[in-house]
Amino acid sequence: MDWLLIATFIVIGLIFLALEILVIPGVGVAGVIGFILIAVGVWQAYAGHGPVAGHLVLGGTLVLTVLTLVLSLRGKTWRRLSLSTAIDSKVNVIDAEKIKVGDTGKTMSRLAPMGKALINGEFYEVSTNGDFVDQQTEIVVLKIEYNKIIVKRKD
């Protein structure tokens, strides 16, 4: 078999193995295909060019496999592909001037025990002390802890 075809089998097999290890989780089709392609390439080297060439191809394939894995697992290789944006948004940021204990509002969704409410013209994620409150029910702010608003049904 031609050397170019043997090299092609081995290189494509290495690509499939690298994909299996780095991208596709678990033992799957890509890893099996990669292993089979590498094995066919080495076997064709033995069958078509004799044991000395087969040993050289086998040794070269092992070295190339280790080199491929080492280069693939280096941190700098994946920095170019990874998402590097920082998330700076916050959930339910509570402005102490806009909402205070004792303010009233209306539920926009069912509180079971958490849901959405409209208080002082602003939408907030609120929760109760375990009670279920239906939609469009008047509520009162009981307590504000860090970013959590505790409400109860207005009497």
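In this predicted model, Thr-61 touches Ile-10, Ile-38 and Val-42, leaving out residues up to four places away in sequence. Thr-61 belongs to helix α2, and it counts as buried because its relative accessibility is 5%, where the limit for buried is under 20%. A useful companion to look at is Ala-39, which also lies in helix α2. With a relative accessibility of 36%, Ala-39 counts as partly exposed. Along the chain Ala-39 and Thr-61 are 22 residues apart, and their C-alpha atoms are separated by 9.8 Å.

Helix α2 spans residues 29-73, and helix α1 spans residues 3-22. How do two such helices lie against each other? Two packed helices are described by the angle between their axes and the distance between the axes. Here the axes of α1 and α2 come within 6 Å and cross at roughly 25°. Angles under 35 degrees count as roughly parallel, so α1 is roughly parallel to α2. The crossing of the two helices is right-handed. Sorted by class, the contact of α1 with α2 has 25 nonpolar residues, ten polar ones and one charged residue.

It helps to step back to the whole chain for a moment. The protein chain has three helices and five strands, and in sequence order they follow the pattern α-α-α-β-β-β-β-β. Of the 155 residues in the chain, 28% are buried. Among the contacts with a separation of 6 or more, 44% are between residues 24 or more positions apart.

Which residues make up the largest nonpolar core? This core has twelve residues: Ile-94, Ile-99, Leu-111, Ala-117, Ile-119, Tyr-124, Val-126, Val-133, Ile-139, Val-141, Ile-149 and Val-151. Two or more of these residues come from each of the strands β2 (114-119), β3 (122-127), β4 (138-145) and β5 (148-153). Another core, of seven residues, lies apart from the largest one, and its members include Leu-14, Ile-38, Val-42 and Val-57. Two of the residues named there, Ile-38 and Val-42, are also touched by Thr-61. As a general point, nonpolar side chains in soluble globular proteins tend to be buried together.

Within the largest core, Leu-111 offers a good place to follow individual contacts. Beyond its neighbours within four places in sequence, Leu-111 is in contact with Lys-116, Val-126, Thr-128, Asp-131, Phe-132, Val-133 and Val-151. Of these partners, Val-126, Val-133 and Val-151 are themselves members of the twelve-residue core.

Technical notes: Residues are numbered from 1 along each chain as its sequence is written. This is a predicted model: local features need pLDDT of at least 70, side-chain atom pairs count only at pLDDT 80 or more; totals for chains, interfaces and linings use all residues. Side-chain values use heavy atoms; hydrogens and water are left out. A nonpolar core is a set of buried Ala, Val, Leu, Ile, Met, Phe, Trp, Tyr and Cys residues joined through side-chain atoms within 4.5 Å. Buried means under 20% relative accessible area, exposed over 50%, partly exposed in between (1.4 Å probe, protein chains only). Helices (H or I, at least four residues) and strands (E, at least two) are DSSP runs, numbered from the N terminus. Contact means heavy atoms within 4.5 Å. Axes are lines fitted to C-alpha atoms, for helices over the stretch in contact, and angles run from 0 to 180 degrees between N-to-C directions. Angles under 35 degrees count as roughly parallel, over 145 as roughly antiparallel, 65 to 115 as roughly perpendicular and the rest as oblique. A crossing is left-handed if the near helix is turned anticlockwise from the far one by less than a right angle, and right-handed if clockwise. Ala, Val, Leu, Ile, Met, Phe, Trp, Tyr, Cys and Pro count as nonpolar, Asp, Glu, Lys and Arg as charged, and the others, Gly among them, as polar.
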